[in-house]
Amino acid sequence: KISEAPAPNPSPVLVTTLPTAALSRQSARSAADCPYMHTVSRAALDFDFEKVCSVSLEHAHVYACLVCGKYFQGRGRNSHAFFHALDPEHHLFINLKTERFYCLPEGYEVIDPSLEDIRFVLNPRFSSTEIAELNSKPRRFRTLDGKVCLQGITGLNNIKATGYMNVVFQILTSITPVRDFFLALREPADGAAAKSSPSPLLLGFGELVRKMWNGRAFKSHVSPHEVAQEVYDRSGRKFKILEQGDPVEFFTWLINTFVKDLKKSSNVIADTFMGKIKIRSEKALEDSVQANGDAVPIKEVSPSPFLLLSLDLPPKPLFKNTSERNTLQQFALHTLLAKFNGSTQSHIVKTGELRSYTIEKLPKYLVLHVKRFNKNNFFLEKNPAVVHFPTNLDMSEYVSPDKRNSNPSYYKLVGAVTHEGAVKEGFYKAGVFHRAANQWFEIQDLVVKDTFPQLLTLAEAHLMVYEAQS
């Protein structure tokens, strides 16, 4: 009989659990050492929307999944990104603040040059040399869907009723001083003084400009969601996302807000758009004599700054012509500009004054506004008159004689906003000139096509931008 010896006790198995801090301290790996690099889907990535966690709606420590494009918070064991990484093949993430790549749930950092294109799409960067070459060297690139695009000509997504914002964004990003300033604008590093930090509106618009001029973008369009949300909050809910607005009112508010947010010593926006005008007012003929028989004195106002010049359209005819048809009115731009020749008087109904205007200083970029929309006590109506505006404009006759030598005389058209259709059902289009390609483009939200400046002059112009020529 063979006696059976008792079996030895098995040695205990040591199970260790790495804490969250240990996960972050693991050594980084290259793409060759990461088995999940093939799961990255660049077509699913979209960094245009608000960077908040899709579960907790928090802004801090937000990561984007490189497989599905969704945003999640944190990367610890109890974080939303960690639980999302437990799904098959969803393991690679990018920190939207630090722009570093991580693999979860393992917790190691991935460092590889093949991911640099994703980092550049998240936060495009431009050197001073690249910015200086934008007007001289046209660059074309191919998106992920195979579409060939021209750098700087980018469609904007209409979120709901943000077409009036999109045309203003297109015009501003085509103006060289404004574009160059926002391309170089950066958020200060951590620890910088809060007073020196640009406002959220400036940073948001700067990010939009960099994405619109990104020559390595994955898509041919950009969504201005973050800027539109900041505009809605900053304007006290005046400019809404779900309701159509007036691009001229939005342009005026946006430029004035930029001027307030920037320091006076380096106010590029004011130097680009601001001019000066002198107003001369007197009472109307029936009110030109005071009670004692003396004439009412003429009042001259010192030169006041202006952002744009408003041009008044004559009212529409009340009756049809002999052919029983409503004749479409047509006016030349110089006819409307006669308001600023110093001798033409405009009657101000509210004050009963007669005013004449003389330009004292012309800006580098002259903005003209054709007042097409008039609001009465009942509804908003549109004047569909055609204004024939030239591509080359001479402004010398509208400047004070003693100021003509110190002001630019000739201007060239570089942008225009037109309106088509009825008041409520209509839509806006932006015509922009691409200097490097020497070509005009017509942009309506996502629709981009080349055009000619002569076709823009036949449309119902609402806003025109001219650049001073030497």
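Start at the second largest pocket of this predicted model, which has a volume of about 620 Å³. To find this pocket, select Glu243, Gln244, Gly245, Asp246 and Leu380, the residues that lie nearest its centre among the 18 that line it. Colouring the lining of the second largest pocket by class will give 7 nonpolar, 4 polar and 7 charged residues.

Move next to the largest pocket, where about 1,200 Å³ of space lies. Its lining has 38 residues, and Lys51, Lys97, Glu187, Glu207 and Glu226 are the ones nearest the centre. Helices H7 and H8 (225-234) are the elements that give two or more residues to this lining, and H7 gives the most, with 8 residues. By class, the lining of the largest pocket divides into 14 nonpolar, 9 polar and 15 charged residues.

From the pockets, turn to the enclosed spaces, of which there are 2 cavities of 30 Å³ or more. The largest cavity has a volume of about 240 Å³, and selecting Asp48, Val121, Ala217, Lys219 and His221 will bring up the residues nearest its centre, out of a lining of 22. Strand S7 (148-150), H7 and strand S9 (221-222) are the elements that give two or more residues to the lining of the largest cavity, so that H7 can be kept on display from the previous stop. The lining of the largest cavity has 12 nonpolar, 6 polar and 4 charged residues.

The second largest cavity holds about 150 Å³ of space. Centre the view on Ser174, Trp213, Phe433, His434 and Arg435, which lie nearest its centre among 16 lining residues. Here the elements that give two or more residues to the lining are H5, H6 and strand S22 (427-434), with the largest share, 3 residues, coming from S22. The lining of this second cavity has 7 nonpolar, 7 polar and 2 charged residues.

Two helices from that lining deserve a stop of their own. Select H5, from Gly163 to Thr173: 11 of the 11 residues of this helix are buried, so H5 is largely enclosed by the rest of the structure. Then select helix H6 (residues 176-184), in which the buried residues are Thr176, Val178, Arg179, Phe181, Phe182 and Leu183. These buried residues of H6 pack against helices H4 (128-132), H5 (163-173), H7 (200-212), H9 (247-261) and H10 (268-273), and also against strand S16 (365-371).

Phe182 leads on to the largest nonpolar core, which has 58 residues and in which Phe182, Phe250, Phe251 and Phe273 have the most contacts. H9 gives the most to this core, with 8 residues. In soluble globular proteins, nonpolar side chains tend to be buried together. To see how one of these residues is surrounded, display Phe273 with the residues it touches beyond four places away in sequence, namely Leu172, Ile175, Val178, Phe251, Ile255, Phe306, Leu307, Pro363, Tyr365 and Val367. Apart from this core lies another, of 33 residues, among them Ile279, Val370, Val399 and Met464.

Which backbone positions, then, should be inspected for a cis peptide bond or a positive phi? Most residues other than glycine have a negative phi, and most peptide bonds are trans. A cis peptide bond joins Leu104 and Pro105, with omega at about 5 degrees, and Pro105 is found in the loop between strand S4 (101-103) and strand S5 (108-110). Glu89, although not a glycine, has a positive phi of about 75 degrees; this residue lies in the loop between helix H2 (80-85) and strand S3 (92-95), and at 40% relative accessibility Glu89 counts as partly exposed. Asp445 also has a positive phi, near 55 degrees, and lies in the loop between strand S23 (439-444) and strand S24 (447-451). Is Asp445 buried or exposed? With a relative accessible area of 18%, Asp445 is buried, since the cut-off for buried is under 20%.

Finally, zoom out to the whole chain, whose secondary structure comes to 12 helices and 25 strands. Of the 470 residues in the chain, 47% are buried. Among contacts with a separation of 6 or more, 67% are between residues 24 or more positions apart. With the surface switched on, the chain exposes about 25,100 Å², of which carbon and sulfur atoms supply 53%.

Note on methods
Residues are numbered from 1 along each chain as its sequence is written. This is a predicted model: local features need pLDDT of at least 70, side-chain atom pairs count only at pLDDT 80 or more; totals for chains, interfaces and linings use all residues. Side-chain values use heavy atoms; hydrogens and water are left out. Buried means under 20% relative accessible area, exposed over 50%, partly exposed in between (1.4 Å probe, protein chains only). Helices (H or I, at least four residues) and strands (E, at least two) are DSSP runs, numbered from the N terminus. Contact means heavy atoms within 4.5 Å. A nonpolar core is a set of buried Ala, Val, Leu, Ile, Met, Phe, Trp, Tyr and Cys residues joined through side-chain atoms within 4.5 Å. On a 1 Å grid over the protein atoms alone, a cavity is a set of points where a 1.4 Å probe fits but cannot get out, and a pocket is an open set with protein on both sides within 12 Å along at least five of seven lines; lining residues have an atom within 4 Å of a point. Grid points are joined across faces, edges and corners, and a volume is the space filled by probe spheres set on the points. Ala, Val, Leu, Ile, Met, Phe, Trp, Tyr, Cys and Pro count as nonpolar, Asp, Glu, Lys and Arg as charged, and the others, Gly among them, as polar. Accessible areas come from the Shrake-Rupley method with a 1.4 Å probe; for residues, only the protein chains shown count as cover.
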